[in-house]
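Visitor: Got a minute to walk me through this one? I'd like to start with the cysteines and then wander.

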Amino acid sequence: MIIKPNFWQIPQPTVTDFAALAEKEQLLAQRIHEIANRHQHAKFASSLAVEDMVITDVIAKSKAKITVFTLETGRLNPETLALADTVKKTYPDLDFRLFRPDPVAAEKYDREKGRFAFYESVELRRECCFIRKIEPLNRALADADAWLTGQRREQSVTRTELEFHEWDQSRGIDKYNPIFDWHEMDVWAYILKYDIPYNELYKQGYPSIGCEPCTKQVKAGEDIRAGRWWWENKDSKECGLHK
């Protein structure tokens, strides 16, 4: 008899969680308003995770002048690509864009290093991330004077010191993490309260979703980012976007 593993499941917020959400919502709306008023060309880098869908919803509802973009790496799951289309339909007035890797650089990596060379070392994985994520991000932010992320402190050991406002030294622009102090239950309370569209992979045991070959399901009780670059040490599990 084959016993199937018990995978992570979408959290079910309590009445108390929903009741506590109002204050967080108000503060998030204030943060988005503050960023939009302070900057002329603020951009939000959305991975289409549930955290990013919360922020996207607030940006759209408040009509904040903040561009939302997603890095279409060329290796995303079909479910993630489907959600990108859903975002366009759900928020027709939102300035939503996709940025893709340089096809020549991506093809060169696959040809010379191997299509799945990123499994061989951290260095090769980071090189792939640079081509498919960081270089497109740099292009996306070339004319920005600030950018936003959906990072939260409790997501990983590399984010525990996260603050609302940071200075992106490499780009010389402001960086904001509007829900840095939200808990996972806060995020899902918002998603469920307002029936916000989200990636179907969450229903299949994926609490953290990246490129298809670098993401797997997470067992119940495991760290929510255990399925990201699972073959590496947990301290190296960043793609380089948030240095």
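**Cysteines, salt bridges and odd phi values**

Guide: Sure. C128 sits in helix α5. Keep in mind that this is a predicted model.

Visitor: Is C128 buried or exposed?

Guide: C128 counts as buried, because its relative accessibility is 10%.

Visitor: And what does C128 touch, sequence neighbours aside?

Guide: Leaving out residues up to four places away in sequence, C128 touches Y109 and F118.

Visitor: Which residues does UniProt list under "binding site"?

Guide: The UniProt record, an unreviewed entry, lists C128, C129, C211 and C214 for "binding site". They are spread over 87 residues of sequence but cluster in space, with a largest C-alpha distance of 11.0 Å. C128, C129, C211 and C214 are also included in the lining of the second largest cavity.

Visitor: Where does C214 sit, then?

Guide: C214 is in the segment after α6, and α6 itself covers 184–193. C214 is buried, since its relative accessible area is 9%.

Visitor: What is C214 in contact with?

Guide: Setting aside neighbours within four places in sequence, the contacts of C214 are F118, G227, R228, W229, W230 and W231. F118 turns up for C128 as well.

Visitor: Let's pick one of those tryptophans. What's the phi of W229?

Guide: Phi of W229 is near 45 degrees, a positive value in a residue other than glycine. W229 lies in the segment after α6. W229 is buried, given a relative accessible area of 3%.

Visitor: Which other residue has a positive phi although it is not a glycine?

Guide: D195 does, with a phi of about 55 degrees. D195 follows α6 and has its place in the segment after that helix. With a relative accessible area of 66%, D195 is exposed, whereas W229 is buried.

Visitor: What about α6 itself, which of its residues are buried?

Guide: The buried residues of α6 are D186, V187, W188, A189, Y190 and I191. What covers them includes α1 and α2.

Visitor: OK, switching to charges. How many salt bridges does the structure hold?

Guide: There are 21 salt bridges. As background, side chains of opposite charge can pair when their charged atoms come close.

Visitor: Which residue forms a salt bridge with K193?

Guide: The partner of K193 is E25, and the closest N and O atoms are 2.9 Å apart. K193 lies in helix α6 and E25 in helix α1 (residues 15–38), so the pair ties together parts that are 168 residues apart in sequence.

Visitor: Buried or exposed, those two?

Guide: They split. K193 is partly exposed because its relative accessible area is 42%, while E25 is buried at 15%.

Visitor: What does E51 meet in a salt bridge?

Guide: E51 meets R152, with 3.0 Å from N to O. This pair links distant parts of the chain, 101 residues apart: E51 is in helix α2 (residues 50–62), and R152 is in the loop between β4 (146–148) and β5 (165–168).

Visitor: And how buried is each of them?

Guide: E51 counts as buried at 8% relative accessibility. R152 counts as buried too, at 0%.

Visitor: Now K108 and E112: where do they lie?

Guide: Both are in helix α4, four residues apart, which is about one turn of the helix. Their side chains meet in a salt bridge, 3.1 Å from N to O. K108 counts as partly exposed at 41% relative accessibility, and E112 is partly exposed with a relative accessible area of 48%. Salt bridges that share partners join E107, K108, R111 and E112 into one network.

Visitor: Last topic, the surface. Which residues form a nonpolar patch there?

Guide: F116, Y119 and W230 do, with about 280 Å² of accessible area together. W230 came up earlier as a contact of C214.

Visitor: Where is F116 found?

Guide: F116 is in the loop between α4 (103–112) and α5 (122–140). At 42% relative accessibility, F116 counts as partly exposed. The helix after that loop, α5, is the one that holds C128.

Note on methods: Residues are numbered from 1 along each chain as its sequence is written. This is a predicted model: local features need pLDDT of at least 70, side-chain atom pairs count only at pLDDT 80 or more; totals for chains, interfaces and linings use all residues. Side-chain values use heavy atoms; hydrogens and water are left out. Patches are made of residues with over 30% relative accessible area and no salt bridge: like charges are joined within 9 Å, nonpolar side chains (Val, Leu, Ile, Met, Phe, Trp, Tyr) within 5 Å. Accessible areas come from the Shrake-Rupley method with a 1.4 Å probe; for residues, only the protein chains shown count as cover. A salt bridge is a side-chain nitrogen of Lys or Arg within 4 Å of a carboxyl oxygen of Asp or Glu. Helices (H or I, at least four residues) and strands (E, at least two) are DSSP runs, numbered from the N terminus. Buried means under 20% relative accessible area, exposed over 50%, partly exposed in between (1.4 Å probe, protein chains only). UniProt positions are given in the numbering used here, feature names are shortened, and annotations may be inferred rather than shown by experiment. On a 1 Å grid over the protein atoms alone, a cavity is a set of points where a 1.4 Å probe fits but cannot get out, and a pocket is an open set with protein on both sides within 12 Å along at least five of seven lines; lining residues have an atom within 4 Å of a point. Contact means heavy atoms within 4.5 Å.
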